[in-house]
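Morning, everyone. I have one structure for you today, and I'd like to start with its cysteines. Please take a look.

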Amino acid sequence: MILKYIYTGELDLTKYQGKNILELLIASDELLLEELFNNVQEYLFENQKTWFQQNFVLVLHTVFKIANCKKLQDYCFEFICEDPEPFVTSEVFPSLDEDILFDLFKRDDFRIEEIIAWDCLIKWGIEQTPGLGSENNDRTKWNNEEYESLKETLKQFIPIIRFVEISSKDYYDKVRPYKAIIPNKIYEEIEEFYFKSTLPKTTTLPPRIGKSYIESKIIRLNSISIITNWIDKKDSNDIRDKNDLIYKFELIYRGSKDGINNNSCNNKCNLQEPVLILIKCKNLKKIFGGYSSVGFYHHMRNEYQNKYITSDDNFVFSFEGKNDIQNMKLGRVISNVNVVYNNYFGDCGFDFGGGDLNMQNDNLYIKNSNYQHTNNNGIYIIEEIEAFRVNCQKGKRK
């Protein structure tokens, strides 16, 4: 594979299996073939996700040995954080590399009950400590040296455990028996917290919260917290906590793949459930979008019915660019009369408010009519467009 690329400058990755492509990623990094490396990483990310997930541990340990593999490293963590419990309770977890585990446990979006994180960390530590492991995992039979060995193994992890998120019962039953592995200062502060409700000063990390994830080529991940705040009718820069809703944005339509025209958009997006639209236009840094809590399609008995769907929750918006998290503009619906056009007859790609944000094939029309003013009036040529089905679940509560 490498020789073919070196001699021809071309390589059809669709002809190779995931394992071979992963090996190619390693080889291209070692040989400093930057263009090939970037293309292989992008291909794995975009086209091999099923194989990626089926061979997750292999991929995880491989990409974290490659410093330049940031995109796949981020994807691995996002994949784990979306639903951590199956991974941390799996048979392979105790063999996880220490640096990977540390980076994972210190993340605020590692959305797992803290007592489960503690239990799994103890199991990992026992497996990683010489003289312990599966042959010697009964703590009641350990001597002081064995406790000290476990303490050494876990010394960098103890300060990133959010002990205040653990119930007093779980603390007494599951944490307190391991007093010997917790540094004295941290242990004293934890005890004071449980007896006097005094917050620790040494371990002051915030509670772990869920993080909504979006697989977009148009916006960056940090923009999605702003959009989820808008969906929840909160201020743009509110800090989300563990009791907030967690949203899943499922990609259902991408113009560069499915076609930028009314029919393609209708075939993918005519839903009766929440939909988020993102649009990048040609020769323009600005990004446009809209959120419909009721979708774009309701069944009509005849053409004389009201062609608009009502909702108080819809909005349109714009970002100044892909990295903008300061100068975005939000336009909420003014009245719930003409909120979003019912695309039962497929007259357009979508239409917020009778022209406020209207797709007609590769043209985007914007004016201010039934939504608050966003100062974006005009006609634009669509370069890329994405639509996401929006599902949500409650944040985990104590």
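A disulfide here is a pair of cysteine sulfur atoms within 2.5 Å. Keep that cut-off in mind. And note that this is a predicted model.

So how many disulfides does the rule give? The count is zero.

Why is there no bond at cysteine 269? Its closest cysteine sulfur belongs to cysteine 265, and the two sulfurs are 3.9 Å apart, which is too far for a bond. Cysteine 348 also has cysteine 265 as the place of its closest cysteine sulfur. There the distance is 8.2 Å, again too far.

Are these two cysteines buried or exposed? Cysteine 269 is buried, at a relative accessible area of 0%. Cysteine 348 is buried too, at 2%.

Now the whole chain. It has 398 residues, and 49% of them are buried. Its secondary structure runs to 15 helices and 11 strands. Along the principal axes, the C-alpha atoms fill a box of roughly 80 × 65 × 40 Å.

Next, contacts. Take those with a separation of 6 or more. Of these, 65% join residues 24 or more positions apart.

On to the surface. The accessible area of the chain is about 20,200 Å². Carbon and sulfur atoms account for 46% of that.

Last, charge. The chain carries 50 positive and 59 negative charges. How far apart are their mean positions? The answer is 3 Å.

To recap: zero disulfides by the rule, with cysteine 269 buried and cysteine 348 buried. Thanks, everyone.

Definitions and conventions: Residues are numbered from 1 along each chain as its sequence is written. This is a predicted model: local features need pLDDT of at least 70, side-chain atom pairs count only at pLDDT 80 or more; totals for chains, interfaces and linings use all residues. Side-chain values use heavy atoms; hydrogens and water are left out. Buried means under 20% relative accessible area, exposed over 50%, partly exposed in between (1.4 Å probe, protein chains only). Helices (H or I, at least four residues) and strands (E, at least two) are DSSP runs, numbered from the N terminus. Contact means heavy atoms within 4.5 Å. Accessible areas come from the Shrake-Rupley method with a 1.4 Å probe; for residues, only the protein chains shown count as cover. Lys and Arg count as positive and Asp and Glu as negative; His and the chain ends are not counted. The place of a charge is taken as NZ of Lys, CZ of Arg, CG of Asp or CD of Glu.
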